[in-house]
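I set aside this page for the ligand site and the helices around it. Here is what I looked up, in the order I came to it.

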Amino acid sequence: MALVIESPRSWDANAEWRRAAACRDLDPNLFFPVGVTGAALEQIAAAKSICAGCQVEDACLSFAITTNQEFGVWGGTSEEERRVLRRQWRARARAQREPAAS
Ligand code: SF4
């Protein structure tokens with residue numbers, strides 16, 4: 001998955017993405033399973049399948065990464081997957097700010 005976030009300040013410059021969310025009229029509980037094992041795995045998979053058909057998946061994921069949404073399924077990712085993506089994003093941001101050591 002290639003996550004491109006141009007600037008932390010522009011994470012929600014166009015908040016209109018929410019209007020096109022495939023989950024907009026669904027039960028939010030589907031996207032916030034309790035736990036990450038057992039029945040929660042099926043719930044996570046069901047939520048992800050909805051995300052897969054969502055036209056604003058990238059914007060949703062960018063929002064979740066940049067605002068550190070720790071819980072639930074956002075942009076087709078689980079909590080654990082987003083932790084990895086957020087670490088990568090922060091590392092890239094640090095590398096861009098700090099000059100390379102020679
Ligand atoms: S990507 Fe998933 S969580 Fe995000 S708006 Fe779309 S359906 Fe909702």
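I began with the covering of one helix, keeping in mind that this is a predicted model. α3 (79–97) is part of what covers the buried residues of α2. I then asked how many of the ten residues in α2 are buried. The count came to seven, which makes α2 a mostly covered helix. I listed the buried ones by name: C60, L61, S62, F63, A64, I65 and T66. Just past the end of α2 I found N68 with a positive phi of about 55 degrees.

Next I turned to the ligand. The space it takes is the largest pocket. Which residues surround the ligand? I wrote down A21, A22, C23, F31, I50, C51, C54, E57, C60, V73 and G75. Sorting this shell by character, I got nine nonpolar residues, one polar and one charged. I also checked the helices: α1 (39–52) and α2 (57–66) each give the shell at least two residues. C60 caught my eye, as it is on my list of buried α2 residues and also in the shell around the ligand.

With several cysteines in that shell, C23, C51, C54 and C60 among them, I looked for disulfides. My search of the whole structure turned up zero.

Last, I compared two of these cysteines. Is C23 buried or partly exposed? C23 counts as partly exposed because its relative accessibility is 32%, and the cut-off for buried is under 20%. C51 has 8% relative accessibility, so it counts as buried.

Key: Residues are numbered from 1 along each chain as its sequence is written. This is a predicted model: local features need pLDDT of at least 70, side-chain atom pairs count only at pLDDT 80 or more; totals for chains, interfaces and linings use all residues. Side-chain values use heavy atoms; hydrogens and water are left out. A residue is near a molecule or strand if one of its heavy atoms lies within 4 Å of it. On a 1 Å grid over the protein atoms alone, a cavity is a set of points where a 1.4 Å probe fits but cannot get out, and a pocket is an open set with protein on both sides within 12 Å along at least five of seven lines; lining residues have an atom within 4 Å of a point. A molecule sits in a cavity or pocket if more than half of its atoms lie within 2 Å of its grid points. Helices (H or I, at least four residues) and strands (E, at least two) are DSSP runs, numbered from the N terminus. Ala, Val, Leu, Ile, Met, Phe, Trp, Tyr, Cys and Pro count as nonpolar, Asp, Glu, Lys and Arg as charged, and the others, Gly among them, as polar. Buried means under 20% relative accessible area, exposed over 50%, partly exposed in between (1.4 Å probe, protein chains only). Contact means heavy atoms within 4.5 Å. A disulfide is a pair of cysteine sulfur atoms within 2.5 Å.
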